[in-house]
Amino acid sequence: MSTAATAAFAAANPARDAAYATPLDKLDPSRPELFAADEMWWNFQRLRAEAPVHYTAESAYGPFWSVTKYNDIMAVDIDHQTFSSEPGIMMVPPLAPGETPQLEGLAMFIAMDPPKHDVQRKAVSPAVSPTNLQILGPLIRERAAAILDGLPIGEEFDWVDKVSMELTAMTLATLFGMPQEDRRKLTYWSDVVTAEPGHGVVETREQKMGIFRDYHAYFTQLWNERVNAEPTGDLISMLAHDPATRDMSPMEYFGNVMLLTVGGNDTTRNTMTGSVYALSKNPDQYAKLMADPSLLPSMVSETIRWQTPLSHMKRRATRDVEFRGQQIKKDDTVVMWYVSGNRDDEVIERPNDYIIDRARPRQHISFGFGVHRCVGNRLAELQLQIVWEEIMKRFPEINVVAEPKRVRSNFVKGYESMRVVIPRRY
Amino acid sequence: MATIVYVEHDGTRHEQQVTDGWSVMEGAVKNGVPGIDADCGGAAACATCHVYVDPDWLAATGERTDQEAEMLNFAENVESNSRLSCQIEVTPALDGLVVTMPESQH
Ligand code: HEM
Ligand code: FES
């Protein structure tokens with residue numbers, strides 16, 4: 001850790017003090033406001049050291065176990081027989097008595113166990129395989145170039161809105177075979193899926209349901225168009241024609257559309273914003289990259305680690321199990337905190353630092369491990385790689401002029417906005 | 001020690017002396033042989049160390065483990081001689097083993 005950072009650690013720090021003053025059994029690392037303030041780190045630092053497998057009895061999401069160390073997270077992730085992804089992988093507030101789930105029958109393969117999971121994953125996987133990405137690559141580059149060429153010079157703007165959202169939405173619209181002019185609908189829907197009503201994006205559950213109906217209708221129409229036409233090579237067409245998926249129930253289809261919308265949107269978008277933020281906070285690393293562009297792939301992986309675009313994945317214990325000395329009971333909720341695993345100094349050296357030339361930059365837990373390991377990881381890396389290749393051709397620097405506004409979520413770890421200035425072009 | 005022959009997808013050959021007890025994956029990664037990513041560090045949890053075992057060596061390298069088979073299920077271009085190289089332990093009996101890398105790891 002740098003001297004400056006050490007000094008900052010020693011200075012007054014209410015967030016750290018609060019984390020350490022709370023009795024361990026009352027510690028609740030899931031509070032979304034901590035993520036909005038970027039103050040969740042202290043809870044996780046404490047848990048890794050004092051209670052790496054920890055039980056929170058009361059929280060807005062009900063009782064849950066936290067797994068916070070890299071190797072323990074990997075062990076849970078691999079053991080899908082004991083730690084099931086059904087019925088869901090994101091922490092959600094428990095239903096009030098008498099309340100019904102938001103969308104009955106909604107099913108996505110990220111929240112299914114083998115063997116059903118396997119069949120659907122295999123149907124989607126070719127769309128984002130390295131082979132298919134060779135076709136997608138030039139399109140992404142063309143669009144990235146157009147976006148960057150349109151940016152204002154010497155004038156403040158929001159990087160999230162003008163670059164990260166635009167590019168990831170364009171890529172996803174291409175993958176789905178949607179008209180490009182509809183791309184920002186995807187961004188909006190993606191935000192709505194992970195939004196907690198009453199905190200910005202949507203105000204009420206009814207409003208959220210109404211938006212879901214539009215979203216559903218849009219993709220039902222897309223399916224109907226594809227199913228009655230020759231295969232077109234896009235993802236919706238693949239799903240409509242593949243024997244493994246063409247007989248999915250409408251809600252299963254819609255679930256998988258949602259999965260790909262969120263999976264492909266927020267995560268990559270936030271990594272793209274995170275890369276600009278991290279490099280601006282670490283000018284020495286930026287200089288390193290400028291001096292040696294061959295570090296780009298390694299910078300991309302380091303950014304994905306450092307950012308950890310999804311803070312957690314949730315599991316449900318299928319049986320009573322002793323895990324690292326703790327007695328986990330059947331049906332208990334187990335949360336794998338990737339955001340913490342990526343800061344585990346037993347596995348990653350100087351984990352709080354952003355270092356673009358690490359010896360093993362791909363050693364991070366942001367994509368998960370095991371049968372659910374992110375199927376879109378190569379597409380995410382490709383988009384980051386391309387956008388930076390195009391940035392480096394054009395701009396000597398991008399200055400972040402204010403702290404970004406962070407998302408209030410313990411699931412999506414990202415940015416709502418980030419003001420930047422590009423002083424000049426080459 | 002055993003000599004392991006790593007053949008890149010384009011045919012480039014790398015002959016490496018690999019210490020007994022290491023995995024075939026480690027023999028490549030620790031010696032800078034390209035074509036194997038090994039994101040999970042050898043836990044059969046990422047499938048980015050996929051290789052094709054030369055048919056002459058299939059008997060000597062043994063069977064896929066259950067977890068390995070499960071992960072290979074999702075890799076690209078899997079063949080009957082596909083293995084995760086982190087699950088093959090190097091022993092003197094594997095001296096001369098030839099493995100070929102796929103075009104890309106996914
Ligand atoms: C930096 C960007 C990304 C990150 C950090 C990320 C992270 C993750 C994580 C943590 C998982 C679950 C792993 C587990 O449960 O073990 C996952 C699964 C998934 N991701 Fe990503 N993702 C990213 C980009 C993408 C993109 C671009 C797509 C789509 C095109 C995508 C589609 C999916 C899908 C479909 C799954 C479910 C896989 C399964 O259950 O088998 N992701 N991702
Ligand atoms: S290194 Fe990950 S599966 Fe072999």
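The following exercises, each with a worked solution, concern a predicted model.

Local features need pLDDT of at least 70 and side-chain atom pairs count only at pLDDT 80 or more, whereas totals for chains, interfaces and linings use all residues. Residues are numbered from 1 along each chain as its sequence is written, chains are lettered from A and ligands numbered from 1 in the order in which they are written, and side-chain values use heavy atoms, with hydrogens and water left out.

**Exercise 1. The fold of chain A**

Determine how many helices and strands chain A has, and assess its radius of gyration against the globule rule.

Solution. Chain A has 16 helices and twelve strands; these are DSSP runs, of H or I with at least four residues for helices and of E with at least two for strands, numbered from the N terminus. The radius of gyration is 21 Å, close to the 22 Å that the globule rule gives for 426 residues, so chain A is as compact as a globular protein of that length. The radius is taken over C-alpha atoms, and the rule is 2.2 Å times the number of residues to the power 0.38. Finally, buried residues (under 20% relative accessible area, 1.4 Å probe, protein chains only) make up 57% of the 426 residues.

**Exercise 2. The iron atom of ligand 1**

Identify the only protein donor of the iron atom of ligand 1 and locate it in chain A.

Solution. Donors are N, O and S atoms within 2.8 Å of the metal (3.2 Å for Na, K and Ca); water is not among the atoms, so sites may look incomplete. The only protein donor is the SG atom of Cys374(A), at 2.3 Å. Cys374(A) is placed in the loop between helix 15 (338–341) and helix 16 (377–394) of chain A.

**Exercise 3. Polar contacts and shell of ligand 1**

State which side chains lie at 2.7 Å, 2.9 Å and 3.3 Å from an oxygen atom of ligand 1, and which element gives the most to the shell.

Solution. Polar side-chain atoms of His117(A) at 2.7 Å, Asp77(A) at 2.9 Å and Tyr338(A) at 3.3 Å each face an oxygen atom of ligand 1. Helix 6 (116–124), helix 12 (250–281), strand 5 (312–317) and helix 16 of chain A are the elements that give two or more residues to the shell. Helix 12 gives the most, with six residues.

**Exercise 4. An open sheet**

Give the strand order of the open sheet of three strands, and name its edge strands.

Solution. The order is 4-12-9 in chain A, with antiparallel pairing; two strands pair if DSSP finds at least two bridges between them. Strand 4 (157–158) and strand 9 (399–400) are the edge strands, each pairing on one side only. Two bridges join strand 9 to strand 12 (residues 419–421), and Val400(A) stands opposite Val420(A) in strand 12.

Technical notes:
A polar contact is a pair of N or O atoms within 3.5 Å; within protein, one must be able to donate a hydrogen and the other to accept it, and residues adjacent in sequence count only if both atoms are side-chain atoms. Buried means under 20% relative accessible area, exposed over 50%, partly exposed in between (1.4 Å probe, protein chains only).
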